[in-house]
Amino acid sequence: VLNFEKDTLKIGKEGGVFKIKIMSNVPYKEYTDSAVQHDIFDALFNDIKYLQKMTIGNELTLSIVPSAGVLMKDDVFTIISFDNQTKASIVIQQEGDGSKINQDAKLGPYLGSILAAASKSMDLNYVAEAVYTHEANLSRWNEFYQNAVYPGSARIQEIFGRPYKAISSINYLLAYDRVNFPPSFKASLTTLRSILYYQMTILWGNVFYVTSPIEISTGKMPKQIPVTEMYRQLEISFREGKDLLQSQRSVEFMPNAADIPKQMLARVLINQKKYAEALSLLEGIINSDRYSLANSRDESLKSNNRELLYSLLIQEGSEYKRIHPNADIIPVLKFSETLMLAIECAFHLGQNAKVIQYLNQIEAGRLRNPKYTNGSSINIQSILQTWKTELPGDFSYFDFLKRNALAQSQLNLSAPYKLLLPIPLQELQLNPNAIQNPGY
């Protein structure tokens, strides 16, 4: 007989001294065993540290220091009989310390890789949107400029697959259940994930909504969800983010954290024609005095300017820099868009005075003379022209055109189905649940 009294020892992040009984009627010795491996993310885990690990008589004594970081690697302690015929093992699991996010040397690069993946995804999304709406023209993107994207395009497969690299990394981290992540940290991750899903919804409509790690080996492939359901899920996500981040000015990798889910929630609400609530959210940002317009559009694409609510650093090999050579960031959310969204809401609510007020605020902020008076008559075409001037290539113009039923006529699209891009052929071949967008 050679056994430990339990096969797993679960301990808290604070560590401590633990004694485990050994049931044995044979002599035994310690056996060197490798630690439990998790998966390809194993390098993210910190080793459990011991002040003492020894057996005296029929008892194992472990003195364990507090958790070194957020993710802790399981350890295994094994004993074996002298004749090498019988082994017994106990798995030691230590809770991770969620408060050490900023000090965790292993998690930091992982978070950096998530941000880099998100930046690369948005980089392609922004160029696809800009060229498809004829706000930019790149020869290597000609199928988009001609509005003739086809399912077998290598470019469309690349764009579609990019966001899921960041999303899968986020899902993996949030699924680790032995860490009490700070609510604000979880909210910042889910907010970033929802931003990626929002952009995919604008381009493709019905996409795969995945919020936990996928085990492809099980054969359970994800399914697409309707746009209406996606907006419902995104609304829930951004509302939770708004509530959890409302008192936060900066959370780990997300400065201006309080305002990011607010503006994203406003976008979702506008797409559902909930203009009054969206305007209230946007005016909360406008009246906070935390932001102002840069003197020029080029200046607004530089890091650390007061127009940015949220941005990601441009990565090597950027396509976006082909459109905006002077940019050093991907502008995820800008104050100019806050004002333009408020203008759109006020217009649909018939609040002409606010429309003029915010249009003139843009003019003055860009060092131009305000050109509207209280008697000015503003129509959707006036707003459209300002949108084109202020936000070309910032992944908002196509969305504006579609939700205001202007896209097909403005872009001279040959058929309504071209309001969405095709689901890549490779996705249809690999996933039996995948359904192609109509028309393709």
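**Exercise 1. Which residues does Asn 125 touch, not counting residues up to four places away in sequence?**

*Solution.* Start with the contacts: Asn 125 touches Ile 159, Gln 199, Leu 203 and Phe 395, where contact means heavy atoms within 4.5 Å. Before going on, a word on the input: this is a predicted model, in which local features need pLDDT of at least 70, side-chain atom pairs count only at pLDDT 80 or more, and totals for chains, interfaces and linings use all residues. Residues are numbered from 1 along each chain as its sequence is written, and side-chain values use heavy atoms, with hydrogens and water left out.

Next, find the residue's place: Asn 125 sits in helix α1, residues 107–132. Helices (H or I, at least four residues) and strands (E, at least two) are DSSP runs, numbered from the N terminus. Finally, check exposure: the relative accessible area of Asn 125 is 1%, so Asn 125 is buried. The cut-offs are under 20% relative accessible area for buried, over 50% for exposed, and partly exposed in between (1.4 Å probe, protein chains only).

**Exercise 2. What should the 26 residues of α1 span, and how far apart are its end C-alpha atoms?**

*Solution.* The expected span of a helix is 1.5 Å times one less than its number of residues. For α1 that gives 38 Å, and the end C-alpha atoms are 37 Å apart, which agrees. Now look at the helix's surroundings: 20 of the 26 residues of α1 are buried, so the helix is mostly covered. Just after α1, His 134 takes a positive phi of about 65 degrees.

**Exercise 3. Which residues of the largest nonpolar core touch the most other members?**

*Solution.* A nonpolar core is a set of buried Ala, Val, Leu, Ile, Met, Phe, Trp, Tyr and Cys residues joined through side-chain atoms within 4.5 Å. The largest one has 119 residues, and Phe 144, Trp 204 and Tyr 310 touch the most other members. Helix α1 supplies the largest share of this core, 14 residues. There is also a second, separate core of 17 residues, among them Phe 4 and Ile 64.

Take Tyr 310 as a worked case: leaving aside residues up to four places away in sequence, its contacts include Leu 115, Phe 253, Ile 330 and Leu 333.

**Exercise 4. Which element gives the most to the lining of the second largest pocket?**

*Solution.* On a 1 Å grid over the protein atoms alone, a pocket is an open set of points with protein on both sides within 12 Å along at least five of seven lines, and lining residues have an atom within 4 Å of a point; a cavity is a set of points where a 1.4 Å probe fits but cannot get out. The second largest pocket has a volume of about 310 Å³, with grid points joined across faces, edges and corners and the volume being the space filled by probe spheres set on the points. Of its 17 lining residues, Pro 255, Tyr 310, Ser 311, Leu 312 and Leu 313 lie nearest the centre. Strand β13 (308–313) and α1 each supply at least two lining residues, and β13 gives the most, with six.

**Exercise 5. Where does the lining of the largest cavity come from?**

*Solution.* Begin with the count: one cavity of 30 Å³ or more is found. The largest cavity holds about 30 Å³ of space, and its lining includes Arg 267, Pro 331 and Asp 394. Strand β14 (residues 329–334) gives the most to that lining, with four residues.
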